[in-house]
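Subject: Handing over a structure

Dear colleague,

I am passing a structure on to you, and the notes that follow set out what was found in it. Please open the structure first and keep it beside the text as you read.

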Amino acid sequence: MAPEVGLKRSATQTITLPPPDAQLAVRDVMRSTIPTPPAEALAAPERAAPAAAVEGFLCLEEVDGRRWSYVAGGGAGKGRGGGGAAVPAGPSIRAVPLQSPLPPAEEIMTFIRSYVVPEGFPDSVTPSYVPYMTWRALKHFFGGAMGVFTTRTLLSSVGVSQNKVTPGAIAINWILKDGAGRVGKMLFARQGKKFDYDLKQLRFSSDLFLEIGAGIELATAAFPQFFLPMACVANVVKNVAAVTSTSTRTPIYKAYARGENIGDVTAKGESVANIADLLGTGLSIFISKRNPSLVTSFALLSCGYLLSSYHEVRSVVLNTLNRARFTVAVDSFIKTGSIPSLKEGNSQETIFNPPWRHEPIAIGSRFGEAFQEPASFVAIRPLFEDERYIVTYNPTKDKVYALLKDQAKSDDILKAAFHAHVLLHFINASHARMLKQKQKQVNSNRSDNYGNLYSRNMDFLAHIAESCKIVSSSYGTFKKKAREQGWIMSESLLNPGKARLCGRRPQ
C-alpha cells in the first residue's frame with residue numbers, strides 16, 4: 001500500500017489526503033450514481049427553449065396629467081443567435097399616447113408655467129397665493145421701471161454723460177455711495193425678532209423707504225453738486241429697505257407652502273418677480289427715449305409701486321398673532337363673542353403705523369412707566385397675587401400697562417395682553433358715557449378738557465377689579481375659539497418688553 005501523503009498547511013495544522021486507491025474508488029461510485037444526459041442535449045447545448053409570446057396591453061403611465069399606454073407587439077426582423085444563425089426578434093414595446101398632441105400655444109403655456117408656478121399647483125400652495133403673486137409681480141414691474149430713471153439720473157449727476165469729471169473721481173464717488181449703503185444694511189440688521197413680530201408692517205415700510213431712496217436719487221439731477229451726500233443717504237435708505245424685504249420674504253413664502261415645498265415656492269416667486277422686473281425695465285427704456293418729465297414719471301410709478309405693495313402685503317394670510325392681529329381678535333371677541341377667521345383677521349390688520357401714533361397698550365413695560373405713585377400699586381397688587389403679570393392704567397399717559405413677572409411664560413403674556421385689552425375696553429366705555437352726558441352742556445373744547453380731566457382723576461381701580469372677573473371667566477373661551485379658527489395660540493408674536501418684576505427683595 002502506498003504511503004499516505006501529508007500536506008503541511010501551517011505550523012499548527014496538517015491535512016492528510018487519502019491514498020490513491022481510495023480516491024479511484026470514490027470517483028467510480030460518483031460516476032455510477034450521476035445519470036448520463038441524453039445525446040440530444042449534448043449535441044446542442046447552446047440552444048435555449050423559446051419564450052412564451054407576449055402581446056397586447058402591458059401598463060398605463062401618467063406624466064403631468066397626460067397618459068400613455070404601453071403595449072407589446074410582434075417583433076419585426078431577425079436577430080443573431082449564439083451560433084450566428086438568424087432567429088426571429090422578440091416582441092417590442094410601444095408607447096401609445098391616449099391624448100391628442102397639445103397645440104403649440106398650450107405647449108408654450110406649459111413651458112412658462114414650469115418657471116412661474118410651483119409643482120403641483122394649485123394644490124401645493126394656499127388659496128391666497130395667486131393674489132399675492134399677482135400684486136407682487138405688479139410691484140416689481142413698477143420697481144423695474146423706476147430703476148431705469150434712477151440709474152439714468154445718477155449717471156447724469158455724477159458727470160458721466162457730460163464728461164465733467166475724471167473717470168477716477170466718478171469711480172470713487174460710486175464706491176463711496178455703495179459703501180455707505182452696505183453700512184446702513186449692517187446697522188439695521190440689529191432689529192432682530194422685529195422682522196418676525198411685525199412682518200407685514202415692516203414689509204410695507206421697506207417699500208416706502210425704497211421709494212424715498214428713489215426720490216432722493218432723482219433729486220440729484222437738480223443738485224448735482226451734492227451728488228455724493230445725497231447718493232449716500234439714498235443708498236443707505238434703499239439698503240435698509242433691502243435687508244427688511246429679504247428678512248421678511250421667507251416667512252411669507254412659508255405661509256403659502258403646503259408640505260415641504262418652501263424651496264420650490266420661493267424659487268418660483270422670485271422667478272415671477274424677475275420676469276416682471278425685466279418687463280418693467282424694458283418698458284421704461286422705451287419710454288425714457290422720449291425724455292418724459294422726471295417728476296411726472298416718478299409720481300406715477302411710485303403710486304403704482306406703493307399701491308401694489310399695499311395690496312401685496314394685505315393679501316398675506318398668517319396664522320400667528322402679533323399685536324395688530326391680536327387686537328383684531330380680542331376686539332371682535334369683546335364686541336361679538338366670536339373670533340374672526342384667518343382671512344378676516346388678516347384683512348382687518350393695520351398695515352401702516354406711523355411713528356407718532358399713540359399706542360394705548362404697552363406689554364412688558366418698566367415699573368416706573370406704569371406707576372407714578374406707590375398707592376396705586378399697593379391697591380391693585382392683591383388682585384394679581386395668583387397671576388404672573390399685573391395690569392394697570394396710567395391716567396396721566398392715558399395708557400394701559402401690562403407688567404410681567406419673572407415667571408411669566410408665553411401663555412401668561414397672552415393672558416396679560418388679553419387682560420389689557422379688556423381693561424382698555426372698560427375705560428373707553430366709561431369715557432364715552434361721561435362725554436355723552438356732558439356734550440349738551442359744554443362746547444367741544446371744554447368737552448375735550450373735561451374728558452382729559454376725567455381720565456386723570458377717575459377711579460380706575462373698580463374697572464381693574466371688574467376686568468379681573470371678566471378675564472378669569474372668558475380667557476379660556478377666547479383661546480378655545482381662536483384655536484377653532486386656526487390661530488396658533490401656543491406661541492405669540494406680541495413683542496413684549498424685556499422688563500420683568502422680581503418677587504425677591506434685594507439683600
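A salt bridge is counted here where a side-chain nitrogen of Lys or Arg lies within 4 Å of a carboxyl oxygen of Asp or Glu. Please bear in mind that this is a predicted model, and that the values below are computed from it.

Salt bridges

With that definition, a search of the whole structure finds 14 salt bridges. One of them joins the side chains of Glu 312 and Lys 139, with a distance of 3.0 Å from N to O. The two residues come from distant parts of the chain, since Glu 312 belongs to helix α10 (residues 294-314) and Lys 139 to helix α4 (residues 129-158), with their positions 173 residues apart in the count. Glu 312 is buried, its relative accessible area being 0%, and Lys 139 is buried as well, at 2%.

A salt bridge is also formed by Lys 238 and Glu 217, whose closest N and O atoms are 3.2 Å apart. Because Lys 238 lies in helix α8 (residues 227-256) and Glu 217 in helix α7 (residues 199-219), this pair ties together parts that are 21 residues apart in sequence. Here Lys 238 is partly exposed, with a relative accessible area of 22%, whereas Glu 217 is buried, with a value of 2%.

For the salt bridge between Asp 412 and Arg 388, the closest N and O atoms are 3.4 Å apart. Asp 412 sits in helix α15 (residues 410-438), while Arg 388 is found in the loop between α14 (374-380) and β9 (389-394), so that the pair links distant parts of the chain, 24 residues apart. Asp 412 is buried, with a relative accessible area of 13%, and Arg 388 is partly exposed, with 36%. Salt bridges that share partners also join Arg 136, Lys 139, Arg 203, Asp 207, Arg 249, Glu 270 and Glu 312 into one network, and this network includes both Lys 139 and Glu 312 from the pair described at the start.

Aromatic pairs

The search of the whole structure also finds 18 aromatic pairs. One of these is formed by Tyr 132 and Tyr 253, which meet edge-to-face, with 6.4 Å from centre to centre and 90 degrees between the planes. Tyr 132 lies in helix α4 and Tyr 253 in helix α8, and the pair therefore ties together parts that are 121 residues apart in sequence. Tyr 132 counts as buried, at 1% relative accessibility, and Tyr 253 counts as buried at 0%. Both tyrosines belong to one aromatic cluster, which is made up of Phe 121, Tyr 129, Tyr 132, Tyr 253 and Tyr 256.

Two sheets

Strands of a sheet pair through backbone hydrogen bonds, in either the parallel or the antiparallel sense. An open sheet of three strands in this model has the order β3-β4-β7, and its pairing is antiparallel. Its edge strands are β3 (56-63) and β7 (92-97), each of which pairs on one side only. Neighbouring strands of this sheet are turned against each other by 25 degrees on average, with direction ignored. Strand β4 (residues 66-73) runs antiparallel to β7, and six bridges join the two; within this pairing, Ser 69 stands opposite Val 96 in β7.

Another open sheet of three strands has the order β8-β10-β9, with mixed pairing. The strands β8 (361-363) and β9 stand at its edges with a single partner strand each, so one side of each is left without a neighbour in the sheet. In this sheet, neighbouring strands are turned by 15 degrees against each other on average, again with direction ignored. Strand β10 (residues 399-404) pairs with β9 in the antiparallel sense over six bridges, and the bridge partner of Val 391 in β10 is Ala 402.

The largest pocket

The last item is a pocket. The largest pocket holds about 1400 Å³ of space and is lined by 39 residues. Which of these lie nearest its centre? They are Asp 198, Gln 201, Arg 323, Asn 353 and Glu 359. The elements that give two or more residues to the lining are α7, α11 (323-336), β8 and α15, and α11 gives the most, with eight residues. Some of these elements have appeared above: α7 carries Glu 217, α15 carries Asp 412, and β8 is an edge strand of the sheet with mixed pairing.

With best wishes

Methods
Residues numbered from 1 in each chain as written. Predicted model: local features only at pLDDT ≥ 70, side-chain atom pairs only at ≥ 80, totals over all residues. Heavy atoms only, no water. Pairing = 2+ DSSP bridges. Helix = DSSP H or I, 4+ residues; strand = E, 2+ residues; numbered from the N terminus. Axes fitted to C-alpha atoms, helices over the stretch in contact; angles between N-to-C directions. Buried < 20%, exposed > 50% of the residue type's maximum accessible area, 1.4 Å probe, protein only. Phe/Tyr/Trp six-rings, centres within 6.5 Å; stacked < 30°, edge-to-face > 60°. 1 Å grid on protein atoms, 1.4 Å probe; cavity = no way out; pocket = protein on both sides within 12 Å on 5 of 7 lines; lining within 4 Å. Points joined across faces, edges and corners; volume = space filled by probe spheres on them.
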